[in-house]
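This briefing introduces the structure shown below to a reader who has not met it before. It begins with a surface feature and then turns to the fold, the record annotation and the aromatic residues.

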Amino acid sequence: MSCVQTFQDYAFRSLGYGERLLPRSDFTLCEQFTLIGSGLVWNIYFGALALFFGFFLATAVAVARNSSAWVVRKPAEWFIFVFRGSPLFIQFFLAYQAFVLLPRNGIELNLIFTHITAETGWLTRAWAGALVVLFLNTAAYSGEIFYGALRSVPKGDIEAADAYGMAGWKRFRRIVWPTMLRLAWPAYTNEAIFLFHATTLVYFSGFPAWQQKGDALYYANYFADKTFNPFIPYPIVAFYFILVTLAIIGLFGLINRRLNRHMPSESRPRLRIRPQVIR
Amino acid sequence: MFASCADPSTLEGLNWLACYLTSGKHMAFYQSFLVVLALLAITAPAALLFGFGGAMAARSRIWPLRIFGRAYTAMVRGIPDIVFFLFVPVAMDQGFEWLRHKVKCPDWTEPVRQGSDFVVCPAAKLPLSTSPQWVHETYGFALAVLAFAVVFGAFAANVLYGAMRAVPRAQIETAEAYGMTPRQSFWRVLVPQMWIYALPGLSNLWMILIKATPLLFLLGVQDIVYWARELGGSKTSIFAYPHPDWRLYYFLGLLIFYLMLTRVSEAVLTRLTARLSHGQATLAGEAQRKAAQ
């Protein structure tokens with residue numbers, strides 16, 4: 001079987017298109033590259049969406065944590081503590097068990113005027129359930145980063161905003177928030193890299209892969225189990241992830257440039273990339 | 001455990017729960033918490049040692065050693081560490097068996113890799129197929145510890161390398177002015193002072209290490225995640241203690257265990273930072289000096 005044929009069969013296998021049966025013997029390098037690459041789609045899906053939605057929740061959590069009102073601050077502190085203080089692996093297990101326990105035929109919401117049935121079955125599927133966990137997890141980690149940045153917004157900036165007559169939402173939107181992002185951006189880049197790495201945990205924790213549609217590591221593990229040779233599939237995953245990491249660094253570097261476009265080019269803060277390990 | 005637990009089917013309420021929570025399997029579950037703590041206790045110094053070696057190699061004046069040190073620290077960047085956790089134990093296992101195969105059975109002619117199989121002579125098997133169960137378990141655990149030490153050693157090397165460069169240059173110059181050799185100034189001046197610079201990174205690493213321990217489950221060790229799944233799954237009436245699916249509560253217990261572990265570590269590390277800042281030429285050390293006056 002030629003490599004083009006293999007590509008046609010397995011390029012979108014992780015999404016359920018193409019050949020249904022996975023290769024069973026005589027694995028070629030082409031098959032391994034194609035299947036693991038097709039699994040990478042899920043890693044990018046989880047990482048990108050969790051990062052996107054998590055960004056907004058993280059901002060809210062950081063602002064809440066910085067609040068002087070006790071009722072607002074405490075929940076934010078606990079949210080950050082619980083998600084940063086426990087392993088993501090356990091969070092996946094716990095979330096899966098909790099989602100399974102939800103009533104199978106949906107929750108009946110009895111509003112006064114209508115009757116709604118909220119479907120819950122989809123939450124036990126990895127594409128939704130794991131995304132929820134990753135979303136909350138990254139929101140907690142980035143929330144802590146943003147909170148730290150929020151605390152170090154220069155006092156003079158706020159005073160200048162006050163002098164211009166800005167207050168409330170306007171001051172936050174125009175002064176505090178952009179400065180917070182500028183300060184947090186290098187750390188936030190690391191968090192993004194770190195989150196993409198964490199997406200490999202999805203199919204190794206509570207969430208089962210349905211019809212063998214898994215992520216990159218799921219297929220790599222499949223090959224390693226079948227051939228009993230870890231020296232080919234895992235380096236392939238490593239190769240793909242280095243590409244993803246480089247892409248993230250490039251993209252976040254561009255955003256960093258835009259955030260700091262008003263600064264003289266010499267004194268612009270450079271991104272220092274220090275990726276972290278598992279959470 | 002208790003004499004009254006002889007016939008679980010007659011028990012009710014709290015008595016049932018007390019007997020249930022002290023059954024033999026639950027004792028194994030409680031012991032597996034010790035496995036996690038043992039892993040932490042062994043891995044942390046081992047990773048520190050690997051890291052120290054890596055950092056020293058990366059600073060070395062000998063070119064190949066320096067390249068090796070740099071490559072080791074750069075290795076884990078950009079690659080998800082779970083890949084390492086899956087890769088290192090199998091690779092190490094096969095590496096050890098292959099070496100033993102070369103030494104013990106030199107006249108073995110068949111290739112080691114036959115299609116999808118990895119075949120070494122029986123005398124080279126690790127552990128030997130005749131050895132008792134506990135040897136197999138200990139070997140698996142040792143491989144897991146090695147995998148953790150390699151991965152976290154690379155991160156520790158990164159931190160220590162940075163810390164060694166953070167010690168003010170003037171300190172080394174003073175040591176040189178006193179006529180110390182590079183070796184002496186390294187051990188007597190640089191190493192004692194670098195810890196305060198390394199501590200933020202190392203404490204971060206410790207937190208990450210704590211949170212990586214559930215991955216033991218992926219390596220086939222019977223750790224707390226294994227037992228939580230095992231005990232929590234629904235038990236039918238053929239079991240001594242039938243119950244529905246309780247995995248949620250078991251995992252909730254694990255979550256609380258980890259939260260407590262990180263909270264306690266945080267407190268200890270804060271105290272350690274204060275302790276190490278004592279007399280250092282840093283802002284925190286300066287603040288302590290001012291407060292003491």
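Helix 2 (29-65) and helix 9 (233-259) of chain A each contribute at least two residues to a nonpolar patch. The patch covers about 690 Å² of the surface. The structure is a predicted model.

**The nonpolar patch**

- The residues that make the patch are L29(A), F33(A), F231(A), I232(A), F239(A), I242(A), L243(A) and L246(A).
- Helix 9 of chain A provides the largest share, with four residues.
- F231(A) lies in the loop that runs between helix 8 (216-227) and helix 9 of chain A.
- With a relative accessible area of 40%, F231(A) is partly exposed.

**Overall fold**

- Chain A contains nine helices and two strands.
- Read from the N terminus, the order of elements in chain A is α-α-α-α-β-β-α-α-α-α-α.
- Chain A has 279 residues, and 50% of them count as buried.
- Among the contacts in chain A with a separation of 6 or more, 72% join residues 24 or more positions apart.
- The accessible surface of chain A is about 13900 Å², and carbon and sulfur atoms account for 63% of that area.

**Annotated transmembrane regions**

- An unreviewed UniProt entry annotates residues 44-64, 76-102, 122-141, 192-211 and 231-255 of chain A as "transmembrane region".
- Residues 76-102 of chain A are 89% helix and 0% strand in the model, with the end C-alpha atoms 26 Å apart.
- Residues 231-255 of chain A are 92% helix and 0% strand, and here the end C-alpha atoms are 37 Å apart.

**Aromatic residues**

- Over all chains, the structure holds 44 aromatic pairs.
- One of these pairs is formed by F52(A) and F56(A), which meet edge-to-face at 5.4 Å centre to centre, with 80° between the planes.
- Both F52(A) and F56(A) belong to helix 2 of chain A, where they are four residues apart, about one turn of the helix.
- F52(A) is partly exposed at 47% relative accessible area, and F56(A) is also partly exposed, at 48%.
- The ring centres of F79(A) and F83(A) are 5.1 Å apart and the planes stand at 50°, so this pair is tilted.
- F79(A) and F83(A) both sit in helix 3 (residues 70-85) of chain A, four residues apart, about one turn of the helix, and both are buried.
- One aromatic cluster brings together F52(A), F53(A), F55(A), F56(A), F146(A), W177(A), W185(A), Y188(A) and F252(A).

How values were computed: Residues numbered from 1 in each chain as written. Chains lettered and ligands numbered in written order. Predicted model: local features only at pLDDT ≥ 70, side-chain atom pairs only at ≥ 80, totals over all residues. Heavy atoms only, no water. Buried < 20%, exposed > 50% of the residue type's maximum accessible area, 1.4 Å probe, protein only. Contact = heavy atoms within 4.5 Å. Areas by Shrake-Rupley, 256 points an atom, 1.4 Å probe, with all protein chains shown as cover. Patch = residues over 30% accessible without salt bridge, like charges linked within 9 Å, V, L, I, M, F, W, Y side chains within 5 Å. Salt bridge = Lys/Arg side-chain N within 4 Å of Asp/Glu carboxyl O. UniProt positions renumbered as here; feature names shortened; annotations may be inferred. Phe/Tyr/Trp six-rings, centres within 6.5 Å; stacked < 30°, edge-to-face > 60°.
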